[in-house]
Amino acid sequence: MRRSIPLAFAGLVFGSSAMAQDLTIYTYESFNSDWGPGPKVKQAFEAECGCRIDFVAVSDGVALLNRIKLEGVSSRADIVLGLDTNLTDEARSTGLFVPHAVATDTLSLPNPWIDDTFLPFDYGYFAVVYDSEKLKNPPKSLKDLVEGDPGEKIILQDPRTSTPGLGFLLWIKAVYGDSASTAWQKLEDRVLTVTPGWSEAYGLFTRGEAPMVVSYTTSPAYHLIADNEDRYKAAAFEEGHYLQIEVAALTKKGADNSHAKAFMTFLTNPQFQDIIPQTQWMLPAARTSKPLPAAFETLVNPTKALEIAPGEVARNRAAWIDEWLQAMSR
């Protein structure tokens, strides 16, 4: 969703719309940005299939789900790439998706994968990333973050439009349960701003607007590899870190497209997975042809992966967002 440092934002549609495309993939902006995996994925798959990909991009994963729901059966998408497991039940309920029929024996995830409709292409853990030159004593837990110095600010993302924003909301809910509203009220004084998506939040963070931002445990790898900079670090939290698994799905329209079916299989191949670590700055969901870069060995390795079942998220997402809105507006 995305892990490098975008300072400009792409339009809704990438590629020419003047001609009919062989394969239309809905995704989010940073996936198909110049710094993201999209261009390399496009080049590799187009060379393999002899077809042409049209990426249609929106700001983030939640916005992606909202667009799909709005378009319904009239959607042009053959594949939707960039939802995560917090959104899969709600996406499934649209009736727009079909089983992918891809073998999953090469998947490498923290837990076994049993969903036959949504196919993982990467995963990671949400984290509070901090600037070690500005914050000498980072929080060691969500409790530390919630109850810490209000003068040390954090930038959040909106859970209504952003998958990291939703992930952080679920992280709070997983740890605090029925006391989540109280936790949000305490945290409010530490929040500098809430942005629509990850890109805006991380851009503000790297420009020095706040010493902390909600991002991923893998974000520091970008700075180590691309900038040779080790000032940005992820805080290890005692309660564990919330797991995000990003997925792709084949639409009913795409089920009639041989290129779409081939692309779904391509997602689990080393040719695709090798692209993920140093463009998406997430962990590959399946086997790669080579070891991860050494910088990934220095990252926080959560001792506990926190998750809320997709069905429970689907049933409660609206209520939990209302709870967040009410607490943060007091």
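Me: Hi! Let's start with threonine 117. Leaving out residues up to four places away in sequence, which residues does threonine 117 touch?
Reply: Happy to help! With those sequence neighbours set aside, threonine 117 touches Arg92, Phe97, Val98, Pro99, His100, Ala248 and Ala249. Keep in mind that this is a predicted model.

Me: Where is threonine 117 placed?
Reply: Threonine 117 sits in the loop between β4, which covers 97-98, and β5.

Me: And is threonine 117 buried or exposed?
Reply: Buried: its relative accessibility is 8%, and the cut-off for that label is under 20%.

Me: What does the side chain of threonine 117 make a polar contact with?
Reply: With the side chain of aspartate 116, at 3.3 Å.

Me: Staying with that loop, what about alanine 101? Where is it placed?
Reply: Alanine 101 is also in the loop between β4 and β5. Alanine 101 is exposed, with a relative accessible area of 77%. Its phi is positive, about 60°, although alanine 101 is not a glycine.

Me: Why point out the sign of phi?
Reply: Because most residues other than glycine have a negative phi. Tryptophan 281 is another case here, with a positive phi of about 55°.

Me: Is tryptophan 281 buried or exposed?
Reply: Tryptophan 281 is buried, with a relative accessible area of 4%. Its place is the loop between α10 (270-273) and β11 (283-284).

Me: Switching topic to the largest nonpolar core. Which residues touch the most other members?
Reply: Those are Ile79, Phe168, Trp184 and Phe263, in a core of 106 residues. Strand β5, residues 118-131, supplies the largest share of this core, with 10 residues.

Me: Trp184 sounds worth a look. What does tryptophan 184 touch, not counting residues up to four places away?
Reply: Tryptophan 184 touches Leu156, Phe168, Leu169, Ile172, Trp324, Ala327 and Met328 on that basis.

Me: Leucine 169 is on that list. Where is leucine 169 placed?
Reply: Leucine 169 belongs to helix α5, residues 163-176. Leucine 169 counts as buried, at 2% relative accessibility. Leaving aside neighbours within four places in sequence, leucine 169 is in contact with Pro159, Trp184, Trp320, Ile321 and Trp324.

Me: How far apart are the C-alpha atoms of leucine 169 and glutamine 157?
Reply: They are separated by 9.5 Å, and the two residues are 12 residues apart along the chain.

Me: On to helix packing. At roughly what angle do the axes of α6 and α11 cross?
Reply: Roughly 40°, and the axes of α6 (residues 180-187) and α11 (residues 310-328) come within 8 Å. That angle makes α6 oblique to α11.

Me: Which residues make that contact?
Reply: From α6 they are Ala180, Ser181, Trp184 and Gln185, and from α11 they are Glu323, Trp324, Ala327 and Met328. So Trp184 turns up here as well as among the residues of the core that touch the most other members.

Me: Is the crossing of α6 and α11 left-handed or right-handed?
Reply: α6 passes α11 in a right-handed crossing.

Me: And α1 with α9, what are the numbers there?
Reply: The axes of α1 (residues 38-49) and α9 (residues 258-266) come within 11 Å and cross at roughly 125°. That makes α1 oblique to α9. In contact are Val41, Ala44, Phe45, Glu48 and Cys49 of α1 with His259, Ala262, Phe263 and Phe266 of α9.

Me: What about the handedness of α1 passing α9?
Reply: That crossing is right-handed.

Notes
Residues are numbered from 1 along each chain as its sequence is written. This is a predicted model: local features need pLDDT of at least 70, side-chain atom pairs count only at pLDDT 80 or more; totals for chains, interfaces and linings use all residues. Side-chain values use heavy atoms; hydrogens and water are left out. A nonpolar core is a set of buried Ala, Val, Leu, Ile, Met, Phe, Trp, Tyr and Cys residues joined through side-chain atoms within 4.5 Å. Buried means under 20% relative accessible area, exposed over 50%, partly exposed in between (1.4 Å probe, protein chains only). Helices (H or I, at least four residues) and strands (E, at least two) are DSSP runs, numbered from the N terminus. Contact means heavy atoms within 4.5 Å. A polar contact is a pair of N or O atoms within 3.5 Å; within protein, one must be able to donate a hydrogen and the other to accept it, and residues adjacent in sequence count only if both atoms are side-chain atoms. Axes are lines fitted to C-alpha atoms, for helices over the stretch in contact, and angles run from 0 to 180 degrees between N-to-C directions. Angles under 35 degrees count as roughly parallel, over 145 as roughly antiparallel, 65 to 115 as roughly perpendicular and the rest as oblique. A crossing is left-handed if the near helix is turned anticlockwise from the far one by less than a right angle, and right-handed if clockwise.
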